[in-house]
Amino acid sequence: MTTGHDEGANRPETGRPRWIVGADGIGVRSWSGEPVEMPTGRLHAVDSAGFLVGRAVCMAPVVLLDPADWRWPDDTGDEWPRCWICHALTR
Ligand SMILES: [Zn+2]
């Protein structure tokens, strides 16, 4: 018989909210002469629930980007066009 409990299984996530980044689509672009998959359209923010169903916080269907390469920017930046609805919802 065991009396142990699954302690630690429900560890609450603490710290900053992290958004996964999604895009309207994925296209192949030439980058330094090599084909590289790049997002097309705008970037969207995706939360953990949206991650499961592939929808951004603005409810648009998105292609999820690699979290290792893409972070949802907290500050304004012009490097990539962002969905203004997601921008407003993540502030
Ligand atoms: Zn969006």
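The exercises below go through a predicted model of one chain, each with a worked solution.

**Exercise 1. The elements in order**

Find how many helices and strands the chain has, and the pattern they follow along the sequence.

Solution. Start with the count: the chain has 2 helices and 3 strands. Next, read along the sequence, where the pattern is β-β-α-β-α. Then place the elements by residue number. Strand S1 covers residues 20-31 and strand S2 covers residues 34-46. Helix H1 takes residues 48-53, strand S3 takes residues 63-64, and helix H2 takes 84-89.

**Exercise 2. The sheet**

Work out the order of the strands in the sheet, and which strands stand at the edges.

Solution. First, take the pair S1 and S2: these strands run antiparallel and are joined by 11 bridges. Second, take S1 and S3, which also pair in the antiparallel sense, over 2 bridges. Third, put the pairs together: the result is an open sheet of 3 strands in the order S2-S1-S3. S2 and S3 each have a single partner strand, so they stand at the edges and one side of each has no neighbour in the sheet.

**Exercise 3. Partners across the strands**

For tryptophan 31, arginine 29 and glycine 27, name the residue that each faces in S2. Then name the partner of alanine 23 in S3.

Solution. Begin at tryptophan 31, whose bridge partner is glutamate 34. Step back to arginine 29, which has valine 36 as its bridge partner. Glycine 27 stands opposite methionine 38. For the pairing with S3, look at alanine 23: its bridge partner there is valine 63.

**Exercise 4. Two positive phi angles**

Serine 32 and methionine 59 both have a positive phi. Where does each residue lie, and is each buried or exposed?

Solution. Take serine 32 first. Its phi is near 55 degrees, and the residue is not a glycine. Serine 32 sits in the loop between S1 and S2, a hairpin with 2 residues between the strands. Only a count is needed for the second part: a residue with 12 or fewer other C-beta atoms within 10 Å is exposed. Serine 32 has 5 of them, so it is exposed.

Now take methionine 59. Its phi is about 75 degrees, again in a residue that is not a glycine. Methionine 59 lies in the loop between H1 and S3. With 12 other C-beta atoms within 10 Å, methionine 59 is exposed.

**Exercise 5. Glycine 50 and its surroundings**

Decide whether glycine 50 is buried or exposed, and list its contacts beyond four places in sequence.

Solution. Glycine 50 belongs to helix H1. A residue is buried at 20 or more other C-beta atoms within 10 Å. Glycine 50 has 23, so it is buried. Leaving aside neighbours within four places in sequence, its contacts are Arg55, Ala56 and Val57. A further position to check is glycine 22, 28 residues away in sequence and 10.0 Å away in space, C-alpha to C-alpha.

**Exercise 6. The nonpolar core**

How many residues are in the largest nonpolar core, and which elements give two or more residues to it?

Solution. The core has 14 residues, and those with the most contacts inside it are Trp19, Val21, Ala45, Val46, Ala56, Val57 and Cys86. S1 and S2 are the elements that give two or more residues to this core. To follow one member outward, take alanine 45: beyond four places in sequence, its contacts include Trp19, Val21, Ala56, Val57, Trp72, Cys86 and Thr90. For the chain as a whole, buried residues make up 21% of the 91 residues.

**Exercise 7. Separation in sequence and in space**

Find how far aspartate 69 is from valine 21, in sequence and in space.

Solution. Locate aspartate 69 in the loop between S3 and helix H2. Aspartate 69 has 7 other C-beta atoms within 10 Å, so it is exposed. From aspartate 69 to valine 21 there are 48 residues in sequence and 9.4 Å in space, C-alpha to C-alpha. Among the contacts in the chain with a separation of 6 or more, 52% are between residues 24 or more positions apart.

Terms used:
Residues numbered from 1 in each chain as written. Predicted model: local features only at pLDDT ≥ 70, side-chain atom pairs only at ≥ 80, totals over all residues. Helix = DSSP H or I, 4+ residues; strand = E, 2+ residues; numbered from the N terminus. Contact = placed C-beta atoms within 7 Å. Pairing = 2+ DSSP bridges. Core = buried A, V, L, I, M, F, W, Y, C linked by C-beta atoms within 7 Å.
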